[in-house]
Amino acid sequence: MTIRICRLSDLPDPGSLGFELGPGVEGRSCVLVRRGDAVWAYENRCPHTGAPLDWRPGQVLSPEGTHIQCALHLAQFRMEDGQCVHGPCVGQSLRAVPVRREGAWVVLAATDRGASTSSEEADG
Ligand code: FES
């Protein structure tokens with residue numbers, strides 16, 4: 001079963017969007033990030049303290065739009081692999097959620113878990 005998260009066009013470039021995995025996975029909050037035609041998704045949880053990454057629901061990009069940035073202590077993570085490259089948890093990584101493009105859609109990859117977006121806004 002294919003689970004659609006959103007249309008690629010729902011995401012600014014660069015941009016981010018929050019979504020929830022569930023049911024049955026205890027409400028895992030996740031974030032989808034886009035750069036160009038590429039998308040990646042991660043659990044919305046900083047490896048530093050476990051705090052949510054977003055400074056506004058679903059908004060996790062640095063001001064330049066180049067990295068995922070934790071709102072709490074400003075750790076920065078590479079979009080492409082979730083590795084922390086600046087801040088208090090350098091060398092640690094965000095936990096990836098497998099996603100892929102399928103036509104105009106971004107879908108969960110290789111999972112039977114449901115998803116729903118947690119934010120209608122995705123203004124980068
Ligand atoms: S909780 Fe994310 S940098 Fe501290």
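A residue is called buried here when its relative accessible area is under 20%, exposed when that value is over 50%, and partly exposed in between. With this scale in hand, the predicted model can be described from its overall architecture down to single side chains.

The chain contains zero helices and eleven strands, and when the strands are read along the sequence they give the pattern β-β-β-β-β-β-β-β-β-β-β. Of its 124 residues, 43% count as buried. Among the contacts between residues at least 6 apart in sequence, 51% join residues that are at least 24 apart. The surface that the chain exposes comes to about 6,300 Å², and carbon and sulfur atoms supply 47% of this area.

The confidence of the prediction has to be kept in view while the details are read. The pLDDT averages 88 over the chain, and 84% of the residues score at least 70. Over residues 118–124, however, the pLDDT is below 50, although this stretch has 21 contacts in the model beyond near neighbours in sequence. Where pLDDT is low, the predicted coordinates should not be read in detail.

Attention then turned to charged side chains, among which the structure holds five salt bridges. In one of them the side chains of Glu43 and Arg28 meet, with a distance of 2.7 Å from N to O. This pair links distant parts of the chain, since Glu43 belongs to strand E4 (residues 38–43) and Arg28 to strand E3 (residues 28–35), with their positions 15 residues apart in the sequence. Both partners, Glu43 and Arg28, are buried. A second salt bridge is formed by the side chains of Glu80 and Arg35, at 3.3 Å from N to O. Glu80 lies in the loop between strand E6 (76–78) and strand E7 (84–86), whereas Arg35 lies in strand E3, so this pair ties together parts that are 45 residues apart in sequence. Glu80 has a relative accessible area of 38% and is therefore partly exposed, and Arg35, with a value of 35%, is likewise partly exposed.

Another of the salt bridges joins Arg100 to Glu102, with the closest N and O atoms 2.6 Å apart. Arg100 is partly exposed because its relative accessible area is 35%, and Glu102 is also partly exposed, with a relative accessible area of 35%. Salt bridges that share partners, in turn, join Arg28, Glu43 and Arg95 into one network.

Two features of the backbone were also noted, and both are best read against a general expectation. Most residues other than glycine have a negative phi, and most peptide bonds are trans. In this model a cis peptide bond joins Asp13 and Pro14, with omega at about 0°. Pro14 is placed in the loop between strand E1 (3–7) and strand E2 (15–21). The second feature concerns Leu74, a residue other than glycine whose phi has a positive value, near 65°. Leu74 is found in the loop between strand E5 (67–69) and E6, and because its relative accessibility is 47%, it counts as partly exposed.

The surroundings of Ser62 were examined as an example of a buried position in a loop. Ser62 is located in the loop between E4 and E5, and its relative accessibility is 2%, so it counts as buried. When residues up to four places away in sequence are not counted, Ser62 touches His67, Gln69 and Gln76. A polar atom of the Ser62 side chain lies 3.3 Å from the backbone nitrogen of Thr66. Ser62 and Phe77, which are 15 residues apart in sequence, have C-alpha atoms 9.4 Å apart in space.

Finally, cysteine residues were considered. A disulfide would require a pair of cysteine sulfur atoms within 2.5 Å, and by this rule the count comes to zero disulfides. Cys30 counts as buried because its relative accessibility is 1%, and Cys70, with a relative accessible area of 2%, is buried as well.

How values were computed. Residues are numbered from 1 along each chain as its sequence is written. This is a predicted model: local features need pLDDT of at least 70, side-chain atom pairs count only at pLDDT 80 or more; totals for chains, interfaces and linings use all residues. Side-chain values use heavy atoms; hydrogens and water are left out. A salt bridge is a side-chain nitrogen of Lys or Arg within 4 Å of a carboxyl oxygen of Asp or Glu. Helices (H or I, at least four residues) and strands (E, at least two) are DSSP runs, numbered from the N terminus. Buried means under 20% relative accessible area, exposed over 50%, partly exposed in between (1.4 Å probe, protein chains only). Contact means heavy atoms within 4.5 Å. Accessible areas come from the Shrake-Rupley method with a 1.4 Å probe; for residues, only the protein chains shown count as cover. pLDDT is the predictor's confidence in each residue, from 0 to 100. A polar contact is a pair of N or O atoms within 3.5 Å; within protein, one must be able to donate a hydrogen and the other to accept it, and residues adjacent in sequence count only if both atoms are side-chain atoms.
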